[in-house]
Amino acid sequence: MGIPSFHETASRGRADFPIEYFRLDAQSPRYEMPFHWHKEWEIIHIVQGVFDLCIDSQEFHAVGGDYLFVHEGAIHGGTPRDCVYECIVFDPRMLFHQLPLIRRYLQPNYNQQRTLPWMLPREDREGANILAAFFRSMEAQGVGRELEVFGLLCLILGHINKMNYWVKRPTNSSSLRKLKVMKDLMDYLEENYTQDLTLGTLAEEAGMTPRYFCRFFKEMTGKTPIEYLNYYRIEMAGFELLSTRKSVTEVAFDNGFHDLNYFIRCFKRHKGVTPGQFMHQNTPSA
């Protein structure tokens, strides 16, 4: 899935089929989900285990069998535990740009009037069956898969409409301002996470006092600013440990840690293993 980024801009799938499928477990470099956002829609299916997910400061305790929806521009991230989960990310505008009927049907979403529902109700078996078929079709590689996927996506949108699951977008200017500040802060963190960042530096960047900034950040992410900064650094370090030939020391210093022992302690606290054990567990045997 590439290097973690707060604002993902990579194109999905092909130009004529802008949709991608990912399946992740504890062995995947991108298993953890740092907070990020992108212009596409995303559907997340929890196959097994537990996933505590936050979408635009709404918190969800998802378990095996749950389906969650992420609308374009939503800040989302969370922590999987003993979890296998799969995601489908797609651009509905590009998928449906040749179909005026569906464009008109989705216009309220593009006009910022409504969004996708947060989560499929657990008692909705009809919706779960359609979504299960959608995921299995995306996972398959057979002839005609694109037509099947397209048809199932239309069924999903039709089901959401029939059940009136659409969520009215917030118009509260305070909420919109908070999301804008958070996105700008994520861009800043992504560009500067390897530098010596302090609470004061981050609060100044957000235009807040350190005390108010801590409250704001915890409300948006569930973590303190420094907890989240270290969390993101560890995620980037874990990715580098598996995708480069750098030593543990090099990776630590390249990702903002200037004390190797502190890096190892932080890594073990977040990942449950030391960097060396992490590499050993996730390196395929010859």
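A residue is called partly exposed when its relative accessible area falls between the limit for buried, under 20%, and the limit for exposed, over 50%. In this predicted model, Arg81 has a relative accessibility of 40%, and therefore counts as partly exposed. Its salt-bridge partner is Asp52, and the closest N and O atoms of the two are 2.4 Å apart. Asp52 belongs to strand 4 and Arg81 to strand 7, so that the pair, 29 residues apart, links distant parts of the chain. Asp52 is likewise partly exposed, with a relative accessible area of 28%.

This pair is one of the 12 salt bridges that the structure holds. Side chains of opposite charge can pair when their charged atoms come close. Another such pair is formed by Asp66 and Arg122, whose closest N and O atoms are 2.7 Å apart. Because Asp66 sits in the loop between strand 5 (58–63) and strand 6, while Arg122 sits in the loop between strand 8 and helix 3, this salt bridge ties together parts that are 56 residues apart in sequence. The surroundings of the two partners can be set side by side: Asp66 counts as buried, at 3% relative accessibility, whereas Arg122 counts as partly exposed, at 47%. Further along the chain, Asp254 and Lys246 meet through their side chains in a salt bridge of 2.9 Å, N to O. Here Asp254 is partly exposed, with a relative accessible area of 35%, and Lys246 also counts as partly exposed, at 30% relative accessibility. Beyond these pairs, Arg23, Glu86, Arg136 and Glu139 are joined into one network by salt bridges that share partners.

From the charged pairs we turn to the nonpolar interior. In soluble globular proteins, nonpolar side chains tend to be buried together. The largest nonpolar core of this model has 30 residues, and those that touch the most other members are Ile19, Ile88, Phe90, Leu106, Phe134 and Met138. Several elements each supply at least two residues of this core, namely strand 2 (19–24), strand 4 (41–55), strand 6 (67–70), strand 7 (76–90), helix 2 (100–110), helix 3 (125–139) and helix 4 (145–162). A second core, separate from this one, has 25 residues and includes Leu185, Ala203, Ala206 and Met236.

Helix 3 shows how one of these elements is placed. At 1.5 Å a residue, its 15 residues should span 21 Å, and the end C-alpha atoms are 21 Å apart, which agrees. At the start of helix 3, a side-chain oxygen of Asp124 reaches to within 3.4 Å of the backbone nitrogen of Glu126. Which residues of helix 3 are buried? They are Gly127, Ala128, Ile130, Leu131, Phe134, Phe135, Ser137 and Met138. An α-helix has 3.6 residues a turn, so residues three or four places apart point the same way. The buried residues of helix 3 pack against strand 2, strand 4, strand 6, strand 7 and helix 4. Ala128, within this helix, has a relative accessible area of 6% and is therefore buried; not counting residues up to four places away in sequence, Ala128 touches Tyr67 and Leu120. By contrast, Ala128 and Leu197, which are 69 residues apart along the chain, have C-alpha atoms separated by 44 Å.

Leu106, named above among the core residues, leads to a charged residue in the interior. Leaving aside neighbours within four places in sequence, Leu106 is in contact with Trp41, Pro92, Phe96, Arg114, Leu157 and Trp166. Arg114 is placed in strand 8 (residues 114–115), and although Arg114 is buried, it has no salt bridge, the nearest side chain of opposite charge being that of Glu72, 9.5 Å away. What joins the side chains of Arg114 and Asn109? It is a polar contact of 2.8 Å. With neighbours within four places in sequence again left aside, Arg114 is in contact with Tyr105, Leu106, Pro108, Asn109, Asn161, Trp166, Val167, Lys168 and Arg169.

One last residue, His97, lies in the loop between helix 1 (92–95) and helix 2. His97 is partly exposed, with a relative accessible area of 44%. His97 and Thr201 are 104 residues apart in sequence, and their C-alpha atoms are 44 Å apart in space.

Key
Residues numbered from 1 in each chain as written. Predicted model: local features only at pLDDT ≥ 70, side-chain atom pairs only at ≥ 80, totals over all residues. Heavy atoms only, no water. Core = buried A, V, L, I, M, F, W, Y, C linked by side-chain atoms within 4.5 Å. Buried < 20%, exposed > 50% of the residue type's maximum accessible area, 1.4 Å probe, protein only. Helix = DSSP H or I, 4+ residues; strand = E, 2+ residues; numbered from the N terminus. Contact = heavy atoms within 4.5 Å. Lys, Arg positive; Asp, Glu negative; His and termini not counted. Salt bridge = Lys/Arg side-chain N within 4 Å of Asp/Glu carboxyl O. Polar contact = N/O pair within 3.5 Å; in protein donor to acceptor, adjacent residues only side chain to side chain. Expected span 1.5 Å × (residues − 1).
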